[in-house]
Amino acid sequence: MSVFMRRARLTDLEAIMRLERATFTDDAWPEDAMRRELESPHGYYLVAVDDELASRQAPADEPAAGDDVSSDLEHDAADAAWPPLLGYAGLLAPSGSDQGDIQTIAVDPAARGIGLGRGLMHALITESRRRGIAQLFLEVRADNQIARALYESLGFVEIGVRRGYYRHGVDAIMMQLAVPPAVTRPAGGVDGTTIRGASR
């Protein structure tokens, strides 16, 4: 699998909402709220796609870079599997502020365990640094131990609890990260998976 991260576009909204609803069920955002996030000048949203699949055939109005657009595969615009979205994540970083928020992150179950969630988080932290953000915040369900472990491994610390914030009375754990200085390290994933950085 070859995974490519890029800036989200409005044309990704349908696929994002499909994953949003499948991941968060009762707590999924409304589509109009997600649309506003994608359109906001203060937002920075990424999507992760299966680059190998996308390069074989992109939608007609969005040919892949360097692709001659010829393919023996046919794509139905109504195909629920297109685009081949593996994950997405969003940052809110208002202009002139030194504080930002990780708004959301989701990874398709088929793409879990390859470091994609970590890759998306690293990309948002890098963008936060670029925008002059010093403090980054997020909220996570108290019962989501996997996500909490990921955030803690990235340096987030618990700063509070919002009781009953999510549906069915689940608490939200509030976490904060002092955005660290840049560190140069080789890119890549595990298990033979390549995760390439977000394009601007």
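This is a short talk about three paired strands and two buried residues in a predicted model.

Okay, hi everyone. Some ground rules: residues count from 1 along each chain as its sequence is written, and side-chain values use heavy atoms, with hydrogens and water left out. Since we have a predicted model, local features need pLDDT of at least 70 and side-chain atom pairs count only at pLDDT 80 or more, while totals for chains, interfaces and linings use all residues.

Let's start with strand 7, residues 172-178. Strands here are DSSP runs of E, at least two residues, and helices are runs of H or I, at least four, numbered from the N terminus. Strands pair if DSSP finds at least two bridges between them. Strand 7 runs antiparallel to strand 5, residues 135-141, with seven bridges; there, Leu138 sits opposite Met175. Strand 7 is also antiparallel to strand 6, residues 157-162, through five bridges, and Arg162 has Ala172 as its bridge partner.

Now, the loop between strand 6 and strand 7 holds Asp171. Is Asp171 buried or exposed? Buried, at 18% relative accessible area; the cut-offs are under 20% for buried, over 50% for exposed, and partly exposed in between, using a 1.4 Å probe and protein chains only. A polar atom of the Asp171 side chain lies 2.8 Å from the backbone nitrogen of Gly164. Beyond four places in sequence, Asp171 touches several residues (heavy atoms within 4.5 Å), including Val140, Arg141 and Tyr165.

Last stop: Ser128, in helix 4, residues 116-130. Ser128 is buried too, at 0%. Setting aside neighbours within four places, Ser128 contacts Leu91, Ile133, Leu136 and Val179.

Methods. A polar contact is a pair of N or O atoms within 3.5 Å; within protein, one must be able to donate a hydrogen and the other to accept it, and residues adjacent in sequence count only if both atoms are side-chain atoms.
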